[in-house]
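Okay, thanks for coming, everyone. Let me put the structure up and then walk you through what I found.

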Amino acid sequence: MSSSSTYKLIYFDGRGLAETSRMLFKAAGQAFEDYRYPIVISGGQYQRPEWDADKPKYLYEKIPALEIDGGKYTIAQSKAIERFLARRFNMMGSNDVETAIIDAAGEQIIDVKQAYNKAKTAGEDSVKKFFEEDLKKTFMAFEKQANKDKSGYWMGSRLSLFDIQLYNLIHFFDDQQSVQKALENCPSLKAVHDKVEQTPEIKKWLDERPQTVF
Ligand SMILES: N[C@@H](CCC(=O)N[C@@H](CS)C(=O)NCC(=O)O)C(=O)O
């Protein structure tokens, strides 16, 4: 398999678990098919009949999925897809230690999102505590590791998977005021955010991507 492969990224018509992979494709200048199952909210419920019909065809009955070379290979699990693409596009660090650090930070994002979902079910006070403590501590930890090479990127001298994951984490929450407060003492992370947003291929994508509810 070579990097001249063709790619089809399959997900719902939303950013969700596919957007980091879409942004990796865009940043790398790699063409891909951005296949989106329609999803509408009706009576407070998600309706996605096309997906329901196709679901049993997928290995774990979940998406995103990445089909390579016309479906010769299919990769499941969003984080496995992201790491695969990042490795292919040279965005996974420049040695095995950098790779592991990028990988670990991505795992922490999963943990912090889980903490947020838990806080939401526990009520308003827990959500407030989440932003003031959990998210802030996670950002401070990321800040400590950031920009050691003075490149403005989080790790090393070029864009990596974690830069994009961090950008999407920052935009994951509805309460942007609390996110900005949690980021207060993290100048390097804010700089990474802006650098990602100003990357020409990504900027173009942010301007033209479909506006979706999630
Ligand atoms: N750990 C998986 C979770 C995938 C997942 O739960 N996907 C949801 C959509 S966000 C799904 O396909 N659900 C199946 C369904 O709703 O029928 C990943 O990161 O890819």
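So, residues 5–93: that span is 30% helix and 28% strand, and its end C-alpha atoms sit 22 Å apart. UniProt, in an unreviewed entry, gives those residues the feature "domain: GST N-terminal". And before I go further, keep in mind that this is a predicted model.

Now set that beside residues 95–214. Here the chain is 72% helix and 0% strand, with 35 Å between the end C-alpha atoms. The UniProt label for this stretch, again from an unreviewed entry, is "domain: GST C-terminal".

On to the ligand. Which residues are around the ligand? The list runs Tyr11, Phe12, Leu17, Arg48, Trp51, Lys55, Glu61, Lys62, Ile63, Pro64, Gln77 and Ser78. Sorted by class, that shell comes out as 6 nonpolar, 2 polar and 4 charged residues.

Three of the polar approaches are worth pointing at. Lysine 55 puts a side-chain N or O atom 2.6 Å from an oxygen atom of the ligand. Tryptophan 51 has a polar side-chain atom 2.9 Å from a ligand oxygen. And for glutamine 77, the partner is a nitrogen atom of the ligand, 2.7 Å from an N or O atom in the glutamine side chain. As for cover, the ligand on its own exposes 510 Å², and the protein buries 71% of that.

Two members of that shell, Ile63 and Pro64, deserve a second look. The peptide bond joining isoleucine 63 and proline 64 is cis, with omega at about 20°. Proline 64 itself is in the loop between α2, residues 49–54, and β5.

Another shell residue, Ser78, takes us into helix α3, residues 78–88. Ser78 is buried there, along with Lys79, Ile81, Glu82, Phe84, Leu85 and Ala86. What do the buried residues of α3 pack against? Quite a list: β1 (7–12), α1 (19–28), β5 (65–68), β6 (73–76), α4 and α6.

Just after α3 comes asparagine 90, and the backbone does something there: phi is positive, about 65°, although this residue is not a glycine. Asparagine 90 is in the loop between α3 and α4. Buried or exposed, or in between? Its relative accessibility is 46%, so asparagine 90 counts as partly exposed.

There's another asparagine to show you with a positive phi. Asparagine 147 has phi at about 60°, and it isn't a glycine either. You'll find asparagine 147 in the loop between α5 (124–145) and α6 (161–170). Why does asparagine 147 count as buried? Because its relative accessibility is 16%, and the cut-off for buried is under 20%. Setting aside neighbours within four places in sequence, the residues in contact with asparagine 147 are Gly152, Tyr153, Trp154 and Ser188.

Let me stop briefly at helix α4, residues 96–122, where isoleucine 110 is found. Isoleucine 110 has 26% relative accessibility, so it counts as partly exposed. If you want a distance to orient yourself, isoleucine 110 and aspartate 13 are 97 residues apart along the chain, and their C-alpha atoms are separated by 21 Å.

Last stop: arginine 209, in the segment after α9 (200–208). Arginine 209 has a relative accessible area of 18%, so it is buried. Which residues does arginine 209 contact, leaving aside neighbours within four places in sequence? Those are Arg15, Glu19 and Met23. With glutamate 19, the contact is polar and goes side chain to side chain, at 2.9 Å. With arginine 15, the sequence separation is 194 residues, while the C-alpha atoms are 9.5 Å apart. Note where the partners fall: Glu19 and Met23 are in contact with arginine 209, and α1 covers residues 19–28.

That's my tour. Happy to go back to any of these spots on the screen.

Terms used. Residues are numbered from 1 along each chain as its sequence is written. This is a predicted model: local features need pLDDT of at least 70, side-chain atom pairs count only at pLDDT 80 or more; totals for chains, interfaces and linings use all residues. Side-chain values use heavy atoms; hydrogens and water are left out. Helices (H or I, at least four residues) and strands (E, at least two) are DSSP runs, numbered from the N terminus. Buried means under 20% relative accessible area, exposed over 50%, partly exposed in between (1.4 Å probe, protein chains only). Contact means heavy atoms within 4.5 Å. UniProt positions are given in the numbering used here, feature names are shortened, and annotations may be inferred rather than shown by experiment. A residue is near a molecule or strand if one of its heavy atoms lies within 4 Å of it. A polar contact is a pair of N or O atoms within 3.5 Å; within protein, one must be able to donate a hydrogen and the other to accept it, and residues adjacent in sequence count only if both atoms are side-chain atoms. Accessible areas come from the Shrake-Rupley method with a 1.4 Å probe; for residues, only the protein chains shown count as cover. Ala, Val, Leu, Ile, Met, Phe, Trp, Tyr, Cys and Pro count as nonpolar, Asp, Glu, Lys and Arg as charged, and the others, Gly among them, as polar.
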